[in-house]
Amino acid sequence: MDTTLDTSLDTVVIGAGQAGLALAYHLRRDCRRFVVLEAADRVGDSWRRRWDSLTLFTPRRYDALPGMRFPENPEGYPGKDEVADYLDSYAAQFNLPVRLGRRVKSVRRDDAGGFIVDTSQETFTARQVVVATGGFTGPVIPGFAGRLGADVVQLHSTAYRNPGSVPEGEVVVVGAGNTGVQIAAELAAAGRDVSLSVSTLGKATPQRLMGKSLFWWFERLGVMHAGPDSRIGRRMKNDNSIVGTDLGALFRDVQRVAKAVDADSEGLLLADGTRRRPDAVVWATGYRPSYPWLHVPVLDETGAPIHYNGVTDVPGLAFLGLPWQRNRGSALVGWVGRDAALLAEHLGTHLRTSGRSASAGVSVPQLVGAA
């Protein structure tokens with residue numbers, strides 16, 4: 001049953017993924033009047049929609065949000081559905097005010113210096129808005145893909161689920177990152193004719209070193225806390241390591257070909273002048289920032305947020321969960337809580353210094369799972 005909610009709030013958080021929920025945990029503890037808006041019908045659906053065999057690189061001991069451990073073997077690596085179910089359980093455990101099925105249509109300023117948030121169901125007003133939708137919202141496909149023949153099936157990696165989602169015949173996976181490598185390996189293991197189109201590949205890095213997970217070492221060496229402008233941070237931002245895949249074994253089953261640079265009705269044109277005529281192409285070509293509903297001047301010419309540690313120049317508007325927002329761990333499940341705690345403190349300061357909080361004397365409504 002739905003629960004009535006006053007739509008005049010202190011804070012609206014957009015996105016009920018790991019970032020939005022971690023922030024909600026801290027906001028809840030301070031009893032600020034807020035809501036978390038989620039477009040999906042269930043918490044964790046952004047994880048459930050990813051490919052079936054996706055497994056995190058981080059062990060479960062590093063996949064917890066504030067206040068609740070990740071269940072099962074702490075040294076094991078959870079699948080994407082485990083992460084989704086954990087997020088769903090987290091929202092329920094702390095009775096966080098998540099409103100499901102609320103796709104944000106626009107965010108704009110109001111005349112009083114706050115914000116108007118229009119959704120598919122209600123319009124909210126708030127003194128603060130936090131965009132917690134992550135940094136991987138707009139799939140990128142090269143423009144030349146449109147010149148491929150209509151008989152070539154094309155899908156971005158976001159639409160890939162398993163080998164059955166790709167038609168029979170020759171498949172070219174385009175992309176040099178972990179996603180492209182893992183999809184190519186899975187297709188090859190299923191007996192498919194697969195090529196991987198890349199320019200260069202990062203070095204192969206094992207998931208465990210000397211009996212410890214890679215992220216155990218990162219924690220001990222300070223990598224996870226390195227800021228984007230630190231010496232370690234600058235090196236890590238340019239690190240394209242392929243984690244947990246034996247590249248030698250991969251290329252015994254997958255043909256490596258040059259980078260795709262163009263296309264026509266006859267197929268893909270590669271950087272070395274050769275051509276591939278695939279039956280299907282999987283574009284593992286990454287993402288770009290995408291906030292078409294954000295009508296506040298805080299984005300640069302590429303559409304990326306302009307911010308410092310998530311805080312923008314527009315008072316009351318912030319981001320959370322962006323890659324390298326504060327450090328290496330900012331976009332990862334097990335580390336985003338630290339950024340969330342700092343942002344919650346900043347939001348509280350903003351409310352105290354900008355006037356009376358809408359939450360004065362009012363408890364947070366009980367809304368978990370409301371539809």
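Which residues lie nearest the centre of the second largest pocket? In this predicted model, Asp110, Ala112, Gly114, Ala126 and Arg127 hold that position, and they belong to a lining of 13 residues. The elements that each contribute two or more residues to this lining are strand E1 (8-14), strand E6 (123-131) and helix H8. The largest share, three residues, is supplied by E6. The space within the second largest pocket amounts to about 150 Å³. In terms of residue class, its lining comprises five nonpolar, six polar and two charged residues.

Enclosed space was examined over the whole structure, and the search returned one cavity of 30 Å³ or more. The volume of the largest cavity is about 30 Å³. Its lining consists of Val311, Val314, Gly316, Leu317, Ala318, His346 and Leu347. Two elements, strand E21 (317-319) and helix H8 (336-354), each give two or more residues to this lining. Five of the lining residues are nonpolar and two are polar, while none is charged. Helix H8 is thus named both for the lining of the largest cavity and for that of the second largest pocket.

Helix H8 also takes part in a helix pair. Two packed helices are described by the angle between their axes and the distance between the axes. For helix H1 (residues 18-29) and H8, the angle is about 50 degrees and the axes are 8 Å apart. H1 is therefore oblique to H8, and the crossing of the two helices is right-handed. On the H1 side, the contact is formed by Gln18, Ala19, Ala22, Leu23, His26 and Leu27. The H8 side provides Val336, Gly337, Ala340, Ala341, Leu343, Ala344 and Leu347. Ten residues of this contact are nonpolar and three are polar, with no charged residue present. Leu347 of H8, which takes part in the contact with H1, is also one of the residues lining the largest cavity.

A further pairing joins H1 to helix H3 (residues 80-93), the axes of which come within 11 Å of each other and cross at roughly 20 degrees. Because angles under 35 degrees count as roughly parallel, H1 is assigned as roughly parallel to H3. The crossing of H1 and H3 is left-handed, whereas that of H1 and H8 is right-handed. Gln18, Leu21 and Tyr25 of H1 meet Leu87, Tyr90 and Ala91 of H3 in this contact. By class, five of these residues are nonpolar and one is polar, and charged residues are absent. Gln18 of H1 appears in the contact with H3 as well as in the contact with H8. Charged residues are likewise absent from the contact of H1 with H8 and from the lining of the largest cavity, whereas the lining of the second largest pocket includes two.

Key:
Residues numbered from 1 in each chain as written. Predicted model: local features only at pLDDT ≥ 70, side-chain atom pairs only at ≥ 80, totals over all residues. Heavy atoms only, no water. 1 Å grid on protein atoms, 1.4 Å probe; cavity = no way out; pocket = protein on both sides within 12 Å on 5 of 7 lines; lining within 4 Å. Points joined across faces, edges and corners; volume = space filled by probe spheres on them. Helix = DSSP H or I, 4+ residues; strand = E, 2+ residues; numbered from the N terminus. Nonpolar A, V, L, I, M, F, W, Y, C, P; charged D, E, K, R; others polar. Axes fitted to C-alpha atoms, helices over the stretch in contact; angles between N-to-C directions. Parallel < 35°, antiparallel > 145°, perpendicular 65-115°, else oblique. Left-handed = near helix turned anticlockwise from the far one by under 90°. Contact = heavy atoms within 4.5 Å.
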